[in-house]
Amino acid sequence: MQNTRHDKLSLLFEQLYDENLSTQEKVVEKIAILDPGLAAELLDLLNADQLANDHSFLEVPANTKTAAFQPGKKSFANLESVGKYQLGKQVGSGGMGIVHEAFDPVTN
C-alpha cells in the first residue's frame, strides 16, 4: 500500500502530538531537509493544535458588552437595548440565558 502525503502527515502528527516543543522542533527541522513543504504543513498542524488547546480565551469575554450577561456580574434588569435593537418583554429563560423580544427601531 502506498502512503499518501496525508497519511505521512497524519502519522507524523500522531507521533509528535504528545512530545515537548523542543522535540517537535528538532523533528520538524529534520523533515524540512528532505521535504520543506511537509515540514511546513506539520508545523502548521502542531501550532494550530497548541492554539486550540489554549483555553485562556475562555477567561475573558469576547467583548465588554457580554460582561453584563455573566452570572454574578452586573444586573441587566435595566438593560433597554442591545446594539441597535430595543428589548421588549422576556419570552423565555433557561440554562443558556434569557430571551427577550427585540425590535429594530429603524424598521419597526
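A residue counts as buried when its relative accessible area is under 20%. With that in hand, let's walk through this model, which is predicted. Of the 108 residues in the protein, buried ones make up 11%.

**The overall layout**

The protein has 3 helices and 3 strands. Follow the sequence from start to end and you get the pattern α-α-α-β-β-β. What about contacts between residues that sit far apart in sequence? Taking the contacts with a separation of 6 or more, 25% are between residues 24 or more positions apart.

**Two helices side by side**

Now look at helix H2 (residues 21-34) and helix H3 (residues 36-52): their axes come within 6 Å and cross at roughly 155 degrees. Angles over 145 degrees count as roughly antiparallel, so H2 is roughly antiparallel to H3. Which residues of H2 make the contact? On that side you'll find Gln24, Val28, Ile31, Ala32 and Leu34. H3 answers with Pro36, Leu38, Ala39, Leu42, Leu43 and Leu46. Sorted by class, this contact has 10 nonpolar residues, 1 polar residue and no charged ones.

**A pocket to find**

Next, hunt for the second largest pocket, which has a volume of about 190 Å³. Its lining includes Tyr17, Asn20, Leu21, Gln24, Glu25 and Val28. Further along the sequence, Leu43, Leu46, Asn47, Asp49, Gln50 and Asn53 line the second largest pocket too. Which elements give two or more residues to this lining? They are H2 and H3, and the largest share, 5 residues, comes from H3.

Here is how the H2–H3 contact and the pocket lining break down by class:

| Site | Nonpolar | Polar | Charged |
|---|---|---|---|
| Contact of H2 with H3 | 10 residues | 1 residue | no residues |
| Lining of the second largest pocket | 5 residues | 5 residues | 2 residues |

Some names turn up in both places: Gln24, Val28, Leu43 and Leu46 belong to the helix contact and also to the pocket lining.

**One residue up close: Arg5**

Finally, zoom in on Arg5, which lies in helix H1 (residues 5-16). Is Arg5 buried, partly exposed or exposed? Its relative accessibility is 37%, so Arg5 counts as partly exposed. Setting aside neighbours within four places in sequence, Arg5 is in contact with Asp35, Gly37, Leu38 and Glu41. Take Leu38 from that list: Arg5 and Leu38 are 33 residues apart in sequence, and their C-alpha atoms are 8.0 Å apart in space. Leu38 is also one of the H3 residues in the contact with H2.

Definitions and conventions
Residues numbered from 1 in each chain as written. Predicted model: local features only at pLDDT ≥ 70, side-chain atom pairs only at ≥ 80, totals over all residues. Heavy atoms only, no water. Axes fitted to C-alpha atoms, helices over the stretch in contact; angles between N-to-C directions. Helix = DSSP H or I, 4+ residues; strand = E, 2+ residues; numbered from the N terminus. Parallel < 35°, antiparallel > 145°, perpendicular 65-115°, else oblique. Contact = heavy atoms within 4.5 Å. Nonpolar A, V, L, I, M, F, W, Y, C, P; charged D, E, K, R; others polar. 1 Å grid on protein atoms, 1.4 Å probe; cavity = no way out; pocket = protein on both sides within 12 Å on 5 of 7 lines; lining within 4 Å. Points joined across faces, edges and corners; volume = space filled by probe spheres on them. Buried < 20%, exposed > 50% of the residue type's maximum accessible area, 1.4 Å probe, protein only.
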